[in-house]
Amino acid sequence: MKRINHNNTLSPTLFIFWCNNGKAKAFLFGPPLSYSSNSILCCNSLLLLITLLVILGVFLPWAGSPLFLFSNTNAPSSSFPSKWVDYSLAKAAKFVAKNGTLIACTVSYPFFPFLNNWLISVSRQKHQDKVLVIAEGYATLYKVNSKWPGHAVLIPPALDSQTAHSFGSQGFFNLTSRRPEHLLQLLELGYKVMYNDVDMVWLQDPFPYLQGSHDVYFMDDKTAIKPLSHSHDLPPSARNGRTNICSCMIFLRPTNGAKLLMKQWIEELHAQPWSKSNKGNDQPGFNWALGKTAHQVDVYLLSQAAFPTGGMYFWNKTWVEETKGKHVTVHNNYIIGYDNKMKRFQDFGLWLVDDHALESPLGKLD
């Protein structure tokens, strides 16, 4: 206890204790006041100390505020979640878009390592700043925005990310079937959008290959080898009347044709929901929509050599050698299972996060 002696009298002493929660408590100790010649001085001192106590009692509860001079910067903030819950698609798109263009992906939390792997390859082509992660769950939303503020948005309702882990499951269908709705919203906002699945890797910059001013650009999902100078028109339908275009990578301009295709895609998905007998994803609906809007939408089939399906890149060694240097993206499809996809990327030197995590804007994952 601190003692201050004024003419052999003890003055009251103020003690301030800082607590673990960032707040303070103040205590006043001292003997009863005497009516000595210094009583007026003691009373004035006491009034000053009481005033200080009142001020501290009012303002110290705000010590956690960044506006307070002595804020407790280590105190946990409860404002972080609510900030991103209110973050709208329009705000997020405006934040990430460059020259009216953005790159979108949809991600559930289990696929976070694949997101990081894909981001490394995108960063190597200097396009990471245009990436918008459409989070299918709050864990993804908070994780991305804590490491890379503003680059993730959640469009309600939030889905159960664990049920979306398995290809062909109802959860997986629920996740992928929301894709055309997200893309349509971005087109309505006036943006050009490149959509990518995150089980992809960029080997080169894909944007120079988006030649002309077509409504929609996409890649073939067939493994049959085409000539290098193949047609860029929509391929003929298979026996079931449906084309086999991959919905893993799509580039869209904000045109009436692109919007029409997205609306038709949404209709197809609503007409044929998931069932145990029909393990669905969004790609069949995309192809039915392409067929029904074929004469109303200006489409462009990307080069097979530049944008090969996984069924060619990982299975046809001869073709890969013949087209070496031409590959722009690699899609890890034609295989099912999270661990299987990861192992195949590792086997082909395309699993980048182990040695190059710092090249991703998300850095190393905890």
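**Close-up 1. Lys292 and Glu268 meet in a salt bridge.** At 52% relative accessibility, Lys292 counts as exposed (over 50% relative accessible area; under 20% is buried and anything in between is partly exposed, using a 1.4 Å probe and protein chains only). Its partner Glu268 is buried, with a relative accessible area of 12%. Their side chains come to 2.8 Å, N to O; a salt bridge here is a side-chain nitrogen of Lys or Arg within 4 Å of a carboxyl oxygen of Asp or Glu. This is a predicted model, where local features need pLDDT of at least 70 and side-chain atom pairs count only at pLDDT 80 or more, while totals for chains, interfaces and linings use all residues. Residues are numbered from 1 along each chain as its sequence is written, and side-chain values use heavy atoms, leaving out hydrogens and water.

**Close-up 2. Asp199 forms a salt bridge with Lys341.** Look for the closest N and O atoms, 2.7 Å apart. Asp199 lies in the loop between E8 and strand E9 (200-202) and Lys341 in helix H12 (residues 338-347), so the pair ties together parts 142 residues apart in sequence. Helices (H or I, at least four residues) and strands (E, at least two) are DSSP runs, numbered from the N terminus. Asp199 is buried at 9% relative accessibility, and Lys341 is buried at 11%.

**Close-up 3. Glu359 and Arg124 share a salt bridge.** Here the N to O distance is 2.8 Å. The pair links distant parts of the chain, 235 residues apart: Glu359 sits in the segment after helix H13 (353-356), and Arg124 belongs to helix H4 (residues 112-124). Glu359 is partly exposed at 34%, and Arg124 is partly exposed at 37%. The structure holds eight salt bridges.

**Close-up 4. Strand E11 is largely enclosed by the rest of the structure.** Why is that? Eight of the eight residues of E11 (residues 245-252) are buried, so the rest of the structure largely encloses this strand. E8 (residues 192-196) runs antiparallel to E11 and is joined to it by four bridges; two strands pair if DSSP finds at least two bridges between them. Met194 has Phe251 of E11 as its bridge partner. E10 (residues 216-220) also pairs with E11 in the antiparallel sense, over five bridges, and Val216 is partnered with Leu252.

**Close-up 5. Leu115 sits among the best-connected residues of the largest nonpolar core.** This core has 89 residues; a nonpolar core is a set of buried Ala, Val, Leu, Ile, Met, Phe, Trp, Tyr and Cys residues joined through side-chain atoms within 4.5 Å. Leu115 touches residues including Cys105, Val133 and Leu362, not counting those up to four places away in sequence; contact means heavy atoms within 4.5 Å.
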